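Here's a quick walk through the fold, sheet by sheet and helix by helix. Keep the viewer open as you read.

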Amino acid sequence: KFIKMDINNVKIFKILSKYKPHAIFNLAAETHVDRSIETPKDFIHSNILGTFNILEQIRNYKRKYKNNLKLIHISTDEVYGDLTKNKRSNELHPYNPSSPYSASKASADHLIKSYVRTYKLDAVISNCCNNFGPGQFPEKLIPTLIFSILNNRALPIYGKGKNSREWIYVKDHCEGLLVLFKKGISGESYNIGTSNNISNLNLTKLLLKITKNKKIKIGKNVKIKFVADRPGHDFRYALNSKKIRKKTNWRPKKNFKSGLEETLKWYMNNQKFFDSFSKKKFFKRIGLKND
């Protein structure tokens, strides 16, 4: 059953009452950092107030039906903030968010832990690294690069492209979330990562290499173009994911290169996917306000 609804809607309680689920996976969020710089209010509405409403409706449901369903809340590695070289943040690392996006996600994490302690809700938090894979929203880095390659456009890279990110194939992340539903301990946070980092520049070069190896024609305009950096741009995120591996035996299965190959293949075979989005809206540079 698919129900399209703002997670701030109190009717969530009626849905819980009707279907009596075993768990809720809260993946609903505003996630694009540039967009959070441009319109932070949307991120407060969805990521903080939306999470608050979900918690309240679960609390009401628990009180009425004496049924403590499990909440698996999907957070982000960005709540830990910028890390120096060779350091990795574990679950005890202090929060140090840098953008309205990461601050809103950090706020949601704190709200959830307070509800676990105060109201005895059953909830776990996953802090995951950057996801990629087929069907990803076009404003994200990898689909933006693939769209540009397939449409003979320049490849926009922020600053000098040295910012480092950890990447995970989306299916591996989903399997990790299912493991947390089955084995995650209430009130605990779990990092979900691969421990493999790559700079944005090297990622772009690898994608171009894969494209050439697949004998895909690359237009003359497909060149790396360095653009104005994001305000407050964190240099490096990196997770220590030993906890989930030790406690649940979860491991990522897909290596980055093969995942990138599968992702490129999917977008090539589904180029109409991009037609369902406004190019002007989703490929226009935003988030440069630094008042």
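## Ground rules

Two strands count as paired if DSSP finds at least two bridges between them. Helices (H or I, at least four residues) and strands (E, at least two) are DSSP runs, numbered from the N terminus.

This is a predicted model, so local features need pLDDT of at least 70 and side-chain atom pairs count only at pLDDT 80 or more, while totals for chains, interfaces and linings use all residues. Residues are numbered from 1 along each chain as its sequence is written, and side-chain values use heavy atoms, with hydrogens and water left out.

## The three-stranded sheet

One open sheet has three strands in the order E4-E6-E8, with mixed pairing. Its edge strands are E4 (130–132) and E8 (197–199), each pairing on one side only. Neighbouring strands here are turned by 50° against each other on average, direction ignored; axes are lines fitted to C-alpha atoms, for helices over the stretch in contact, and angles run from 0 to 180 degrees between N-to-C directions.

E4 and E6 are joined by three bridges in the parallel sense, and Asn131 sits opposite Ile168 in E6. Helix H6 packs on this sheet, touching E4 and E6 (contact means heavy atoms within 4.5 Å), with its direction at about 75° to that of E6.

## Helix H6

H6 covers residues 170–183, 14 in total, and reaches 20 Å from first C-alpha to last. That is close to the 20 Å expected at 1.5 Å a residue, where the expected span is 1.5 Å times one less than the number of residues.

Which residues of H6 are buried? They are Asp172, His173, Gly176, Leu177, Val179 and Leu180; buried means under 20% relative accessible area, exposed over 50%, and partly exposed in between (1.4 Å probe, protein chains only). These buried residues cover an arc of only 160° around the axis, which puts them on the same side of H6; the arc is that of the directions from the helix axis to the C-beta atoms. The face turned away from them carries exposed Lys171 and Lys182.

## The four-stranded sheet

The other open sheet to look at has four strands in the order E1-E2-E3-E7, with parallel pairing. E1 (23–26) and E7 (189–192) stand at the edges with a single partner strand each, so one side of each lacks a neighbour in the sheet. Neighbouring strands are turned by 20° on average, direction ignored.

Four bridges join E1 to E2 (residues 70–76), and Asn26 stands opposite His73 in E2. Helix H3 (residues 40–65) lies across E1 and E2, running at about 170° to E2.

## Helix H1 and its cover

H1 (residues 12–19) buries Ile12, Phe13, Leu16 and Ser17. Seen down the axis, they fall within an arc of 140°, so they line one face of the helix. Lys14 and Lys18 are exposed on the other side. E1 and H3 are among what covers the buried residues of H1.

Asn60 belongs to H3 and is partly exposed, at 22% relative accessible area. Its C-alpha is 10.0 Å from that of Leu16, 44 residues away along the chain. After H1 comes Lys20, with a positive phi near 45°.

## Nonpolar cores

A nonpolar core is a set of buried Ala, Val, Leu, Ile, Met, Phe, Trp, Tyr and Cys residues joined through side-chain atoms within 4.5 Å. The largest has 26 residues, of which Phe132, Ile142, Trp167, Leu203, Phe256 and Leu260 touch the most other members. Apart from it lies another core, of 18 residues, including Ile74, Val79, Tyr80 and Ile244.
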